[in-house]
Amino acid sequence: MAEFDTAHVKNIVLLGHAGSGKTSLAECMLFEAGLISRRGSVAERNTVGDYHELEHERGNSIFSKLLHTRWRGYKINLLDTPGYNDFVGDVLSALRVADTGVLLLNAVNGVEVGADVIWQYTERFRTPMIFAINKLDHDKADYDRTLKEARDHFGARVTVIQYPVQTGAGFHEIVDVLQMKLYTFRDSGGKPEKLPIPDAERARAEQLHRELVETVASVDETLMEHYFDKGELEEDELKAGFRKAMIAHEIFPLFCLSAERNMGSGRLMGFIDNVCPSANELPPQMARSGEELPCDAAGPACIFIYKTVSESHVGELSYFKVFSGTVKPGMELVNELNGVIEKISQLFLLEGNKRIPVTELVAGDIGATLKLKNTHVNNTLHVKGRNYELTPIAFPPSNMTVAIEAVKKGEEEKLSLALHQLREEDPTLLVEVSPELKQTLLHCQGDMHLAVAKWKIESGSRLEVRFVKPRIPYRETICTGAEASYRHKKQSGGAGQFAEVHLRIDPWYEDMSDPAGLNVRGRELHDLPWGGKLAFYNCIVGGAIDARFLPSILKGVMEKMHEGPLTGSYVRDVRVCVFDGKMHPVDSNDISFKIAGMMAFREAFRNADPQVLEPVYHVEVLSPEELTGAVMGELQSRRGLVEGMETEGHFQKIGARVPLAELHGFSSALRSITQGRAKFSTRLDDYVPMQYEAQKKLTEAYRRTEAEALA
Ligand SMILES: Nc1nc2c(ncn2[C@@H]2O[C@H](COP(=O)(O)OP(=O)(O)O)[C@@H](O)[C@H]2O)c(=O)[nH]1
Ligand SMILES: [Mg+2]
């Protein structure tokens with residue numbers, strides 16, 4: 001038997017901007033529940049949550065952690081998340097398995113950007129949410145302002161459950177308007193004394209109590225009737241009403257805390273136990289097939305993998321939530337994605353980096369098992385004979401791209417293995433081996449994300465790496481027509497090589513007519529994988545070249561289009577007409593015609609007013625109103641063309657076209673001018689002709705590297 005049944009497991013995700021006190025709060029909860037005998041602190045680097053050496057180094061959470069605590073007959077799984085936007089992937093995966101979110105607000109700073117971004121995600125997941133204003137013991141704490149900002153950002157449904165009698169150094173009393181009690185804490189925090197509300201606070205407390213009860217009653221007609229009849233709600237009615245309203249996102253209760261002094265965490269846990277929904281009280285999961293999957297320990301076993309880690313501290317683990325049934329060691333589950341049968345070995349609860357073996361996990365619970373070989377984040381595993389596939393986590397697109405390389409030559413293979421491992425653990429990091437740029441690209445969330453990736457590679461694989469600027473995927477095309485011919489001839493001992501090709505090239509465009517003055521005998525239109533077209537015409541008269549050699553000529557042309565004559569970039573939008581040539585009855589063969597085709601094309605291309613095209617991106621920045629000037633300045637300094645601006649909620653949305661070559665480092669620059677308060681996205685818009693001078697610089701540089709390669 002599991003120690004806690006589904007109804008007694010609560011999954012809580014701790015959310016909030018970096019530094020709002022999540023890890024400290026988790027520590028308080030563990031301490032209050034008696035799971036640890038000494039409360040660690042982030043500053044002393046001895047919390048259960050921030051155990052990773054990189055977190056000690058940086059003094060902040062970087063990875064999400066699974067902890068658990070027991071409070072009055074309930075098990076509370078705590079998912080502590082990192083606050084920086086760079087690690088949003090961990091926030092999303094935690095939200096996927098949590099049943100209630102606790103969003104911490106720093107009473108010193110009010111609502112910070114981190115909170116805004118997180119809020120958008122919680123709305124997507126419809127996670128029931130609690131607010132907790134933390135750091136009320138701080139000299140600069142401002143409860144009223146923080147509450148007002150919370151209502152401005154998150155709406156009027158932010159409902160006060162608690163307010164502090166005093167803030168700053170003297171903070172030790174909280175009025176609880178749900179219990180209608182005054183909580184008084186000793187200096188060391190912990191369990192408060194519950195006293196009647198003093199006269200001086202009565203009026204305010206009663207007013208807030210009424211508001212609270214009315215908000216709860218307003219979401220349910222029967223409750224509303226009771227409330228009108230009796231002027232009050234029974235405790236059970238309130239509890240049920242609260243839960244219903246939280247699930248419907250109609251109410252967001254707000255609590256008070258000082259995690260530093262351990263004040264308020266016990267009450268928060270009590271509310272989580274008694275009011276917050278357990279997994280089986282939330283709407284059931286929907287499998288992709290449309291089938292509902294009730295959260296029932298007696299149902300068919302089905303788990304969802306939300307995270308995998310491989311760390312020296314804890315080993316290799318797959319983290320999962322049981323969405324249905326009961327999982328036990330030895331069980332065989334099918335991975336829906338690839339059909340592989342995975343045998344579950346040991347099951348664990350996690351206490352930071354400590355693994356605690358358990359004999360089963362029931363529906364609604366979260367735990368880990370030794371890393372499943374063929375199973376990755378977002379996979380669903382279930383008992384045989386079913387086909388459940390649960391909704392995967394939609395990770396955000398990347399914000400930033402750099403190229404990565406091993407510092408020492410010959411370690412490319414090692415790097416590729418390390419990147420594979422990294423990718424497995426971090427779904428927000430994309431690795432792309434670009435044959436076009438001849439670089440390995442990392443698409444990631446930002447500077448900090450990169451720094452962590454580098455640390456992981458270097459410490460895990462003893463491999464030194466560096467980041468370099470990614471090359472720009474230019475394109476080449478032509479502006480006028482030109483003709484060229486090439487004779488390839490080689491006489492070396494035995495069989496010789498001979499081919500001669502005459503061709504003309506023109507800029508290709510949609511609906512262009514057939515070439516004048518040539519005798520068109522065949523045409524092919526090729527869609528190029530990198531965008532644009534190649535039209536290839538057979539205009540040969542009098543059998544000057546055998547038709548069987550045409551594919552070889554096309555091959556030669558294509559080869560040059562892969563590595564354009566100007567900069568080595570892909571060529572696009574060209575029409576090639578082969579109209580004459582010569583064959584030799586013995587020496588002509590495929591290879592000869594390929595070479596002749598390639599060389600003739602190169603020659604013609606150079607005389608056809610060639611043009612380098614550069615990729616231009618559409619950039620959309622979401623910025624706080626007062627920073628739009630600075631953001632536009634930054635865009636313009638990057639050859640950006642601002643195209644429009646509109647208001648979106650508290651933000652201004654700025655649209656601009658910026659050449660990709662100028663976007664390198666934009667993410668970091670934007671973060672620094674807005675203190676991380678802006679968001680942006682980019683997408684390829686178009687390829688545009690480069691200015692003459694800039695093009696000249698590029699082509700000269702390319703010619704030099706070509707010459708070096710030949711030397
Ligand atoms: N004064 C004060 N400091 C706090 C409180 N809670 C956390 N801190 C401090 O704020 C910093 C960030 O706390 P941490 O728990 O790491 O925040 P997280 O990034 O949200 O996990 C640490 O230096 C904590 O000691 C609090 O209630 N009062
Ligand atoms: Mg933290």
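User: Which residues are buried in helix 3?
Analyst: In helix 3, the buried residues are V88, G89, D90, V91, L92, S93, A94, L95, R96 and V97. This is a predicted model, by the way.

User: How many of the residues of helix 3 is that?
Analyst: Helix 3 runs over residues 88-97, and 10 of its 10 residues are buried, so the helix is mostly covered.

User: What about the chain overall, how many residues count as buried?
Analyst: The chain has 711 residues, and 55% of them count as buried.

User: How many helices and strands are there?
Analyst: The chain contains 16 helices and 38 strands. Its C-alpha trace spans about 110 × 60 × 50 Å along the principal axes.

User: New topic. What coordinates the magnesium ion?
Analyst: Ligand 2, the magnesium ion, is coordinated by OG1 of T23 and OG of S61, at 1.9 to 2.0 Å. T23 lies in helix 1 (residues 22-32), while S61 is in the loop between helix 2 (53-58) and strand 2 (65-71), so the pair ties together parts that are 38 residues apart in sequence.

User: Is T23 buried or exposed?
Analyst: T23 counts as buried because its relative accessibility is 5%. S61 also counts as buried, at 4%. The cut-off for buried is under 20% relative accessible area.

User: OK, salt bridges. How many?
Analyst: The count comes to 40 salt bridges. One of them joins the side chains of K75 and D365, at 2.8 Å from N to O. K75 lies in strand 3 (residues 74-80) and D365 in the loop between strand 21 (361-362) and strand 22 (366-370), so this pair ties together parts that are 290 residues apart in sequence.

User: And K75 and D365, buried or exposed?
Analyst: Both K75 and D365 are buried.

User: Which residue does D546 form a salt bridge with?
Analyst: D546 forms a salt bridge with R548, and their closest N and O atoms are 2.9 Å apart. D546 is partly exposed, with a relative accessible area of 32%. R548 counts as exposed because its relative accessibility is 57%.

User: Where do D685 and R657 sit? I see they meet in a salt bridge.
Analyst: Their side chains meet at 2.5 Å, N to O. D685 is in strand 38 (residues 679-689) and R657 in strand 37 (residues 651-659), 28 residues apart, so the pair links distant parts of the chain. D685 is partly exposed, with a relative accessible area of 33%.

User: Which residues are joined into one network by salt bridges that share partners?
Analyst: Those are E483, R504, D506 and R575.

User: Which residues gather in a patch of positive charge?
Analyst: R72, K181, K191 and K194 gather in such a patch on the surface. K194 is in strand 10 (residues 193-195). K194 counts as partly exposed, at 49% relative accessibility.

User: Last thing, backbone angles. What is the phi of R126?
Analyst: R126 has a positive phi of about 55°, although R126 is not a glycine. Most residues other than glycine have a negative phi. R126 sits in the loop between helix 4 (113-125) and strand 5 (129-134), and R126 counts as partly exposed at 44% relative accessibility.

User: And where is K438?
Analyst: K438 is in the loop between strand 25 (430-434) and strand 26 (439-444). Its phi is near 55°, a positive value in a residue other than glycine. K438 is exposed, with a relative accessible area of 60%.

Key
Residues are numbered from 1 along each chain as its sequence is written. Chains are lettered from A and ligands numbered from 1 in the order in which they are written. This is a predicted model: local features need pLDDT of at least 70, side-chain atom pairs count only at pLDDT 80 or more; totals for chains, interfaces and linings use all residues. Side-chain values use heavy atoms; hydrogens and water are left out. Donors are N, O and S atoms within 2.8 Å of the metal (3.2 Å for Na, K and Ca); water is not among the atoms, so sites may look incomplete. Helices (H or I, at least four residues) and strands (E, at least two) are DSSP runs, numbered from the N terminus. Buried means under 20% relative accessible area, exposed over 50%, partly exposed in between (1.4 Å probe, protein chains only). Patches are made of residues with over 30% relative accessible area and no salt bridge: like charges are joined within 9 Å, nonpolar side chains (Val, Leu, Ile, Met, Phe, Trp, Tyr) within 5 Å. Accessible areas come from the Shrake-Rupley method with a 1.4 Å probe; for residues, only the protein chains shown count as cover. A salt bridge is a side-chain nitrogen of Lys or Arg within 4 Å of a carboxyl oxygen of Asp or Glu. Lys and Arg count as positive and Asp and Glu as negative; His and the chain ends are not counted. The place of a charge is taken as NZ of Lys, CZ of Arg, CG of Asp or CD of Glu.
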